[in-house]
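Thank you all for making the time this morning. I would like to walk you through a structure that is new to most of this group, taking it one region after another, and I will try to be careful about what can be said.

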Amino acid sequence: MTDRIVVVGAALLDGPRLLAARRSAPPALAGRWELPGGKVEPGETPDAALVRELREELGVDAQVLARVPGEWPLKPPYVLQVWTARLAPGSPAPEPLQDHDALRWLGPDEIWDVDWLDQDVEAVREVTGG
């Protein structure tokens, strides 16, 4: 049996706003929105993976805050875990450097204005209380 592989997602917060990232690849996911993040590498902790992934994908320095309750199945053997995070003091503004072609800071009344990936919907609900 294959061990599960954890994918970490960042609920990157700026006050009441949540950062959404639009996928540019693979074609099946392109144009849909997600919480940025990626796979935890062997020997890496989830929070270290999240900091690394946000640096690679968005060019930011992030501070991991807390794990969001729950985990969500992806394509086997992957499972999504989400953590709240914020930009570290002095961090550059996020840019879509890798796997994304657009970013949006969504206020509480805009959270559902984007077409979230199915697996991110429950995590976004958990983070936003909606």
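Before we look at any residue, let me fix one term: a residue is called buried when its relative accessible area is under 20%, exposed when that area is over 50%, and partly exposed in between. Please also keep in mind that what you see is a predicted model.

With that term in hand, take the pair R67 and E71, which form a salt bridge whose closest N and O atoms are 3.7 Å apart. R67 has a relative accessible area of 37%, so it counts as partly exposed, and E71, with a relative accessible area of 35%, is partly exposed as well. Elsewhere, salt bridges that share partners join E44, R52, E53 and E56 into one network. Within that network, the side chains of R52 and E53 meet in a salt bridge, at 3.2 Å from N to O, and here both R52 and E53 are buried.

How many salt bridges does a search of the whole structure find? The search finds 12, and one that I would like to show you is between the side chains of D101 and R22, at 2.7 Å from N to O. This pair links distant parts of the chain, since D101 sits in strand β8, residues 100-106, while R22 sits in strand β2, residues 17-23, and the two are 79 residues apart. D101 is partly exposed, because its relative accessible area is 42%, and R22, with a relative accessible area of 28%, is partly exposed too.

Let me turn to the helices, beginning with α1, which covers residues 46-58. This helix has 13 residues and reaches 17 Å from its first C-alpha to its last, which is close to the 18 Å expected at 1.5 Å a residue. Which residues of α1 are buried? They are A49, L50, R52, E53, L54, E57 and L58. When you look at how such positions are spaced, it helps to recall that an α-helix has 3.6 residues a turn, so residues three or four places apart point the same way. The cover over the buried residues of α1 includes β1 (5-14), β2, β4 (37-39), β5 (62-67), β7 (78-87) and β8. Just after α1 comes G59, which takes a positive phi of about 70°.

One residue of helix α1 that I would like to single out is P46. Its relative accessibility is 26%, so P46 counts as partly exposed. If we leave aside residues up to four places away in sequence, P46 touches V8, V40 and W83. Between P46 and A123, which are 77 residues apart along the chain, the C-alpha atoms are separated by 16 Å.

A123 brings us to helix α2, where the buried residues are D120, V121, A123 and V124. The cover over these buried residues includes β2, β3 (33-34), β6 (72-73) and β7. Just after α2, G129 takes a positive phi of about 75°.

Next, the pockets. The largest pocket has a volume of about 550 Å³, and of the 22 residues that line it, the closest to its centre are V7, R23, L29, L74 and Q119. Which elements each supply at least two residues of this lining? They are β1, β4, α1, β7 and α2, the last of these being residues 118-128. As for its character, the lining divides into 10 nonpolar, four polar and eight charged residues.

Finally, a few points about the backbone in the loops. A cis peptide bond joins A25 and P26, with omega at about -10°, and P26 has its place in the loop between β2 and β3. The peptide bond from P76 to P77 is also cis, with omega near 10°, and P77 is found in the loop between β6 and β7. In the loop between β7 and β8 lies D99, which has a positive phi of about 75° although it is not a glycine. With a relative accessible area of 31%, D99 is partly exposed.

That is the tour I had planned, and I am happy to go back to any part of it.

Key. Residues are numbered from 1 along each chain as its sequence is written. This is a predicted model: local features need pLDDT of at least 70, side-chain atom pairs count only at pLDDT 80 or more; totals for chains, interfaces and linings use all residues. Side-chain values use heavy atoms; hydrogens and water are left out. A salt bridge is a side-chain nitrogen of Lys or Arg within 4 Å of a carboxyl oxygen of Asp or Glu. Helices (H or I, at least four residues) and strands (E, at least two) are DSSP runs, numbered from the N terminus. Buried means under 20% relative accessible area, exposed over 50%, partly exposed in between (1.4 Å probe, protein chains only). The expected span of a helix is 1.5 Å times one less than its number of residues. Contact means heavy atoms within 4.5 Å. On a 1 Å grid over the protein atoms alone, a cavity is a set of points where a 1.4 Å probe fits but cannot get out, and a pocket is an open set with protein on both sides within 12 Å along at least five of seven lines; lining residues have an atom within 4 Å of a point. Grid points are joined across faces, edges and corners, and a volume is the space filled by probe spheres set on the points. Ala, Val, Leu, Ile, Met, Phe, Trp, Tyr, Cys and Pro count as nonpolar, Asp, Glu, Lys and Arg as charged, and the others, Gly among them, as polar.
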